[in-house]
Amino acid sequence: MDSKILRDNRRFAGAFLINERGDVLLQLRDSDPSIDNPGKISVFGGSLEANENYRDGLIRELKEELNALFCDSELKFLSKIRKTESGITTDCEFYYIKLVDDLKSYTVSEGTGLILELSRAHLDDRLTPTCLAMVKELQSKTNYGYALATGEGDIERLDALDSVYGVDARRFVEYACKDIHPTTIIDYGCGHGHMTAFLAGLYPCAQVFGIDTSMEQLESARARYRSIIGRLQFIHTSELFEFDIKADIIFSKFVIIHQVNVDAYNDEILSLCHNNTIVIFIEPILNGMLVIPHIDAIYRANELTIQLGLSKGINYSISKREIESITSRFDIKEFKVMQPILGSSNGKFIVARSFDQISGELIDRCICTTDETEKISRELWEFVADTTISCAGMQIIHLACSPKERLKYSK
Ligand SMILES: C[S@@+](CC[C@H](N)C(=O)[O-])C[C@H]1O[C@@H](n2cnc3c(N)ncnc32)[C@H](O)[C@@H]1O
């Protein structure tokens, strides 16, 4: 990395203030056309002074803008990004601060304080693109809006998921895209990049983009597929506007089930299509498992996962809302439902690990008692260890679609 470029870049630090109820304090900027992003929603914070580090600069800015003195240990790192606007590059770091105070108690001296419910904040179309990306990152990190896919600590589970469900996904891509010679491919919600790398291998002449809202996932994907970086780029959703991509194939696996606003997600996909784009959606039907012999804990774990999703406005088991959102924008060209067997302990491990990942939240949200959660977890790990039992995993819908005639774009 060129140290001169780093030194010359502007630097910005911003913070999200969140309370225990999951509300977030944001800054509604004045409508003055002479300021950046007038009338838009962004975070409190600002540009750093020379020789100031991000944390010190942020503490100073929050004192100026909110008349509140925070200490270093209260600042939790969220993410960093580099953005370029009107030829000016800015290195930004974002933090969040968990508070017990009433968010209304702050005296705001720049813009107006605006309190939004974090799990729905991304729906407000006044958010600046960077603020929107960071809101999604914050939802992911704090489990408001999004629980099952996580960052670094989730690598083992995502590898296991890929080993079980990736086989059919790869076959489906080869089948549905057999007549296509793509030059640009997107893996949207690429996670750790398994499928992104597969697509790059399948189409060695294409430029492949793995796109995700999670910096942690992207960093993990970049580290893993370092050797083919070049033709394969992992980019954050907030950087997408810099690329102006229209893709020949858009692949999206296990992402819709995590959306509070499925329509907004599908609109994002649509905006990346040209007339002949093939869009592949692969999503699970969570309540479609079959266990032989019957094991109560598995059915109960699925039931609770679905209930947790519903409590957050998310449908972990794809159904009417998700299908209608897709079919109002895309024509379905191919449709398959697969249900792989979870035979090996590697595959079965997904069931137990996924449940353990959400058990804290099930208890916090009073969906399940601590005793029942522990009992289910114990039985699931016994199932993993028992080599005599296997079960059919989740049913997975594989769809290949193209944008509807009336919505078509030119390349
Ligand atoms: C369950 S993981 C699936 C990852 C990958 N597609 C796979 O099948 O291994 C879901 C991924 O979608 C990302 N994601 C969720 N909502 C997104 C959105 N609106 N835009 C882009 N990525 C999103 C998450 O950060 C996460 O990496």
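Student: What makes strand 5 (residues 76-85) and strand 6 (residues 88-99) count as paired?

Tutor: Nine bridges join strand 5 to strand 6, and the two run antiparallel. Strands pair if DSSP finds at least two bridges between them, so strand 5 and strand 6 qualify. One bridge links lysine 80 to glutamate 93 in strand 6. The two strands form a hairpin with two residues between them, and serine 86 in the turn has a positive phi of about 45°.

Student: Where do these numbers come from?

Tutor: Residues count from 1 along each chain as its sequence is written. The model is predicted, with local features needing pLDDT of at least 70 and side-chain atom pairs pLDDT 80 or more, while totals for chains, interfaces and linings use all residues. Helices (H or I, at least four residues) and strands (E, at least two) are DSSP runs numbered from the N terminus.

Student: Why are strand 10 and strand 14 (330-338) called edge strands?

Tutor: Seven strands form an open sheet in the order 10-9-8-11-12-17-14, with mixed pairing. Strand 10 and strand 14 each pair on one side only. The twist averages 20° from one strand to the next. Within the sheet, strand 11 and strand 12 (residues 273-285) pair in the parallel sense over six bridges, including phenylalanine 251 with isoleucine 280 in strand 12.

Student: How are helix 10 (residues 345-364) and helix 11 (residues 370-385) oriented, and how do you know?

Tutor: They pack at an angle of about 170°, with axes 9 Å apart. That makes helix 10 roughly antiparallel to helix 11, because angles over 145 degrees count as such (under 35 is roughly parallel, 65 to 115 roughly perpendicular, the rest oblique). Axes are lines fitted to C-alpha atoms, for helices over the stretch in contact, and angles run from 0 to 180 degrees between N-to-C directions.

Student: Which residues meet there?

Tutor: Among them are Phe349, Val351 and Phe355 of helix 10, and Ile376, Leu380 and Trp381 of helix 11. Contact requires C-beta atoms, placed from the backbone, within 7 Å.

Student: What makes a residue of helix 4 (residues 155-176) buried?

Tutor: A residue is buried if 20 or more other C-beta atoms lie within 10 Å of its own (exposed if 12 or fewer, partly exposed in between). The buried residues of helix 4 include Leu161, Tyr165 and Phe172. Helix 4 also bends by about 50° at tyrosine 165, the angle between axes fitted to the seven residues ending there and the seven starting there.

Student: What covers the buried residues of helix 5 (residues 194-202)?

Tutor: His194, Met195, Thr196, Ala197, Leu199 and Ala200 are buried in helix 5. Their cover includes helix 4, strand 8 (184-188) and helix 6 (215-224).

Conventions
Two residues are in contact if their C-beta atoms, placed from the backbone, lie within 7 Å.
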